[in-house]
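Good morning, colleagues. I should like to take you through one structure, element by element, and I ask that you keep the display in view while I speak.

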Amino acid sequence: MQLQFHISTALRVVAEAHVAEILRDAGTEGKHVKAIAQPKNLDPSKLARILRLLATHHVFVEVAPNIFANNRLSTILDTGKSVESLIKHPEDRFAGTQGIVALLAHTADDSFKTSAYLPEVLFDPAHGHLSDPDKTAFNRAFKCDVPMWTYFEAPGNEARLGRFGHAMDGVKNMGRPDIILSGFDWKGLPKDSLVVDVGGGIGSQAMTLAQHHPHLKFVVQDRAPVVKDAVQFWNDNMPGVLKSGRVELQGHDFFDPQPVKNADIFLLSLVLHDWSDALCISILQQLRAAATPSTRVVIRDNLMLYACAEDAAKGIPGAAQNLPPAPLLPNRGQATAMPYFVDMQMMGFFNGMERTFTQVKELMAQAGWRVAEVHHGEPFQLSQQKVVGVPM
Ligand SMILES: C[S@@+](CC[C@H](N)C(=O)[O-])C[C@H]1O[C@@H](n2cnc3c(N)ncnc32)[C@H](O)[C@@H]1O
């Protein structure tokens, strides 16, 4: 188990060497590793060992000594672009893709390096108990003293910032891409209801909602440089929608007063898990201050379960869950380990965390929101849970 990290390294190498794209037309016969290594000038004998580790895990096939072919798992690494264009225009590598390779590259690079430094931070008497977003394992790994978001926006890190935006689209496409549609009655909202996607990234979730619910309007807010990247994403996928005004992209820092005062819904999708409790309360308070009596907040994050039984909060529609019988673990064990991995990422990147329902409910109460509804969804889908709040 303790050596599994080499798989992350190997996956990053093959993704950045465009191996799946090089092998696309080679079919089941495959190609010699010398030809695979050539476009990115890698040492063929080293690349062969990396590919062999992956083939041992059924990603790629070694069809004959040093000859490798794609298989079903390795084709997930194919961006669909030509090797020539990937090499000539690395800045466009993820544009128009499903973001899954961007997600893999982000986690095998940013997350992996960060995770390696987590023990150093946890055992540091000065930093181990802090929850500041600039005193993290990420800060140690990348030798910087600003939060990850600020670091990504610094000159020279454009590729990391762009990759992160597409990686969020990858998070969506890795599971059921329309998971945002379930667990809240978007259809039942009156015509022209305004959904504000706060910290919406390039707008992956808002786009799914906009495509399925033409009666809704959207403001997608994020940090200014992210919003700049979002323009192309919307123009490519929903041409004309920005021009029509149905969707607006807005640079906004969610720690500042919320400028939209007539929102029907404030959506916080995968936002609160990035922050400590105190900072989550600040974000929720800004939304509460801008809410009308009928505004609702929809929080989409993983709702964590203990690895043992816990009394679920009673009296709230949807809060109680059907748990599996023993000897299965109450949280279904390794089969649902993904949110626990994501939790480690949040700890390393931001001093953030994935929370239990009770923890989310308490944060909301401290910011003036009452939980009205909870949706747990299907057990094996990542980040699908939704908690709906109304002003207290
Ligand atoms: C984990 S991503 C989630 C993106 C999107 N909501 C989704 O579900 O795909 C968190 C987002 O929060 C944004 N963010 C971070 N700090 C912010 C701030 N102070 N104000 C607004 N957005 C911020 C990041 O740029 C990033 O796009």
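Strands β2 and β3 run antiparallel and are joined by 3 bridges. I should say at once that this is a predicted model. Within this pair, E62 has F68 of β3 as its bridge partner. The hairpin that β2 and β3 form has 2 residues between the strands, and in it N66 adopts a positive phi near 70 degrees.

The hairpin belongs to an open sheet of 3 strands, ordered β1-β3-β2, with antiparallel pairing. Its edge strands are β1, residues 31–32, and β2, residues 61–64, each of which pairs on one side only. The contact between β1 and β3, residues 67–69, is antiparallel and consists of 2 bridges. There, K31 stands opposite F68.

What surrounds F60, in the loop between α4 and β2? Leaving aside neighbours within four places in sequence, F60 is in contact with L51, L54, A55, F68, A69, N70, N71 and S74. F60 counts as buried because 28 other C-beta atoms lie within 10 Å, the threshold being 20 or more. The C-alpha atoms of F60 and R72 are separated by 8.0 Å, and these two residues are 12 apart along the chain.

I turn now to strand β4. Is this strand enclosed or open to the outside? Of the 5 residues in β4, which covers residues 194–198, 4 are buried, and the strand is therefore largely enclosed by the rest of the structure. β4 pairs in the parallel sense with β5, residues 217–222, over 5 bridges. In that pairing, D197 of β4 is opposite V220 of β5. Between the two strands the chain passes through helix α10, residues 204–212, and this β-α-β crossover is right-handed. β4 also pairs with β7, residues 265–269, again in the parallel sense, here over 3 bridges. In β7, I265 is the bridge partner of V195.

The next topic is the ligand. Which residues come nearest to the ligand, among the 17 around it? They are M168, G199, G201, S269 and L270. Taken by class, the shell comprises 7 nonpolar, 6 polar and 4 charged residues.

M168 leads us to helix α9, where it is among the buried residues. The helix spans residues 158–174, 17 residues in total, and reaches 24 Å from its first C-alpha to its last, close to the 24 Å expected at 1.5 Å a residue. Its buried residues form the run G162, R163, F164, G165, H166, A167, M168, D169, G170, V171 and K172. What do the buried residues of α9 pack against? Their packing partners are α6 (100–122), α8 (148–153), α10 and α11 (224–237). One general point may help in viewing the helix: an α-helix has 3.6 residues a turn, so residues three or four places apart point the same way.

I shall finish with several loop residues, beginning with two that have backbone angles worth inspecting on the display. K143 has a positive phi, near 50 degrees, although it is a residue other than glycine. K143 sits in the loop between α7 (137–141) and α8. It counts as exposed because it has 7 C-beta neighbours inside 10 Å, and the limit for exposure is 12 or fewer.

N351 is likewise a residue other than glycine with a positive phi, in this case near 60 degrees. Its place is the loop between α14 and β10 (355–356). Is N351 buried or exposed? N351 is buried, because 24 other C-beta atoms lie within 10 Å.

P239 occupies the loop between α11 and α12 (241–244). P239 is exposed, since 9 other C-beta atoms are found within 10 Å. Its C-alpha atom and that of M207, a residue 32 places away along the chain, are separated by 12 Å.

Finally, the peptide bond joining A326 and P327 is cis, with omega about 5 degrees. P327 lies in the loop between β9 (303–304) and α14 (338–350).

Thank you for your attention.

Terms used: Residues are numbered from 1 along each chain as its sequence is written. This is a predicted model: local features need pLDDT of at least 70, side-chain atom pairs count only at pLDDT 80 or more; totals for chains, interfaces and linings use all residues. Helices (H or I, at least four residues) and strands (E, at least two) are DSSP runs, numbered from the N terminus. Two strands pair if DSSP finds at least two bridges between them. A crossover is right-handed if, with the strands pointing away from the viewer, the path from the first strand over the helix to the second runs clockwise. A residue is near a molecule or strand if its C-beta atom, placed from the backbone, lies within 6 Å of it. Ala, Val, Leu, Ile, Met, Phe, Trp, Tyr, Cys and Pro count as nonpolar, Asp, Glu, Lys and Arg as charged, and the others, Gly among them, as polar. The expected span of a helix is 1.5 Å times one less than its number of residues. Two residues are in contact if their C-beta atoms, placed from the backbone, lie within 7 Å.
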